[in-house]
Amino acid sequence: MDVGYEATPPPSAGKDWASFWNYVDRAPPTEESDPVPRDILVVGAGIAGIAAALALSKELTPFVPDLRITVYERHDILSTSGGAINLTPVAQRHLDRLGVLAELDRLGPEGGTDVDAIELYSSRSGRSLGSVDFVDEHGNGFGGYKGRRVMRIALSVAMLTVVERSKNVNVVFGKKLVRGKETKDKAMLYFHDGTTATGDLVLGCDGVHSATRMYWVDPDSPSEYTGISFCQTLVDTKKIKAPVHFRSTSMNISRHGSLLASYCDRDHEQIFLAAIVQFREELLPHYRMDPGQDWRRTAAIKQALRQEMQDRFGRSGVPCIRDFVNKADDWMLYPVWQVRPNARWYRGRVILLGDAAHAMPPRDESAAYALDDAILFSRILAKHRYDPLTVAFKAYEDLRRGTVNAAFQVSRRMWEKNRDMGFLEGRLKEWTYPMQVRNAKDSREAAWEFDATKVAIPGMLSDQSSSLYSSERDFL
Ligand SMILES: Cc1cc2nc3c(=O)[nH]c(=O)nc-3n(C[C@H](O)[C@H](O)[C@H](O)COP(=O)(O)OP(=O)(O)OC[C@H]3O[C@@H](n4cnc5c(N)ncnc54)[C@H](O)[C@@H]3O)c2cc1C
């Protein structure tokens, strides 16, 4: 056992022996204590799953020398789909602590581009509507971190490189969970290929359509379509002849949805385009692209999406936006789904983290929530390692549910602004946008200061509340 992690009595404890044990992190195990989880099964190798595996490895290794964490991913290989993602200062800080940021940087230009601000424009007139700044007035990031736009595949590669270095985390590909079961002492996963896995604890990190949630934890909380989809593509910067109107990232607002245009590599060779648009649910099957489907169907879908983007943004007052939608030809539709805030998060030996628990309409921050979940849960489990699992599960939910529900409501309200609007409503949106962005500045910046590795965990003294992340120790 690593005594460095055990709480030491505070200086005042000697004066008050009656309350001494209240100050101590947790009494050592007794005969009756529950065994510390040794075999941890994680479903899904996305951001939440890999981050949870790495964070648990850091937090539990000192107490559980024979810890084994296995991540089961349904894809046979890393998925190249999904385009680029924006990482907020909080997400970057978490990834830094997990060792992922250094790996991203090692990827060179593909490791993403710094984002000082998301510049907001009217797509109609080109007028600036303000900016979401990831730096302060001196150009410094929040807590030392700015934003970063990076291709999802690059982020996955960086995360898996850290996993490879870690002595007790393994990822197994080609394992699609179809159901789970638990007994008093164990949890079992059943995979599509007929194999099974048994462990002490299961983390369901399998995203918005989570099988762990649907077939195990809360079948009554299916994912639901938000009514809005992302239509995404990449375009070579060289192809764009009109001057680009932003430094690294822009969000171009219109009454037919918003068009995000952002560089996604350090050398600014590629521009990632994502139109955030209203799309009827009954149309989604017509735009679905499946591996191996007839090439004529694929070509027809891409042509229809291209036409849709030209209809929505082709008359923009910003020349390069017109250029984008005329030149880009490989659009793909990503419907956005959510999980209602009241979904159940755990039962018995299984808990949901990330989108599996609380997918919300994305507002560039959902990945940070998945990372927060992973780090907070790991710290809480380390604290309650000798307690029944449900004690840790409940402590986690008590700390987390309010924050997540509040974030969901904010996302939902912002998301509404992307639905199609009439002429007057569209103008009103443009006029009021700068004020709304300014009003949300303080809460946004407060959120970026949030540090899941330091946030106080109830029952621990503040100086005991920082996790192994805040020390210099490295168990990977
Ligand atoms: C179009 C779009 C754009 C977005 N842009 C941003 C952005 O710019 N910034 C941001 O912060 N957030 C963004 N988000 C949100 C962000 O992508 C998610 O919040 C984040 O990926 C959640 O991570 P996760 O690990 O919980 O889920 P996921 O990333 O969905 O990962 C789940 C993993 O589980 C696997 N899996 C699924 N089912 C099974 C199964 N049955 N068995 C085994 N494995 C399974 C999946 O293959 C996947 O690898 C965006 C979301 C969408 C839809």
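**A guided look at a predicted model**

Visitor: What makes strands 9, 10 and 11 a sheet here?

Guide: In this predicted model, 3 strands form an open sheet in the order 9-10-11, with antiparallel pairing. Strands here are DSSP runs of E with at least two residues, while helices are runs of H or I with at least four, and both are numbered from the N terminus. Two strands pair if DSSP finds at least two bridges between them. Strand 9 and strand 10 (residues 187–191) are joined by 5 bridges, so they meet the requirement of at least two. Within this pairing, Glu182 stands opposite Ala187 in strand 10.

Visitor: Why are strand 9 (177–182) and strand 11 (196–199) called edge strands?

Guide: Each of these two pairs on one side only.

Visitor: How are residues numbered, and what kind of model is this?

Guide: Residues count from 1 along each chain as its sequence is written. As the model is predicted, local features need pLDDT of at least 70 and side-chain atom pairs count only at pLDDT 80 or more, whereas totals for chains, interfaces and linings use all residues.

Visitor: Which stretches should I read with care, and why?

Guide: pLDDT is the predictor's confidence in each residue, from 0 to 100. The protein chain averages 87, but pLDDT stays under 50 over residues 1–26 and over residues 468–476. Where pLDDT is low, the predicted coordinates should not be read in detail.

Visitor: Why is strand 16 (residues 270–278) described as largely enclosed?

Guide: A residue is buried if 20 or more other C-beta atoms lie within 10 Å of its own, exposed if 12 or fewer, and partly exposed in between, with C-beta atoms placed from the backbone. In strand 16, 7 of the 9 residues are buried, so the rest of the structure largely encloses this strand.

Visitor: What joins strand 16 to strand 13 (residues 224–236) and strand 15 (residues 257–263)?

Guide: Strand 13 is linked to strand 16 by 9 bridges, and strand 15 by 6; both pairings are antiparallel. Ser229 stands opposite Val277, while Ser262 has Phe272 as its bridge partner. Strand 15 and strand 16 also form a hairpin with 6 residues between them.

Visitor: What makes a residue count as near the ligand?

Guide: Its C-beta atom, placed from the backbone, must lie within 6 Å. Of the 33 residues around the ligand, Gly44, Gly46, Gly207, Gly354 and Ser366 come nearest. Helix 10 gives the most to this shell, with 4 residues.

Methods:
Contact = placed C-beta atoms within 7 Å.
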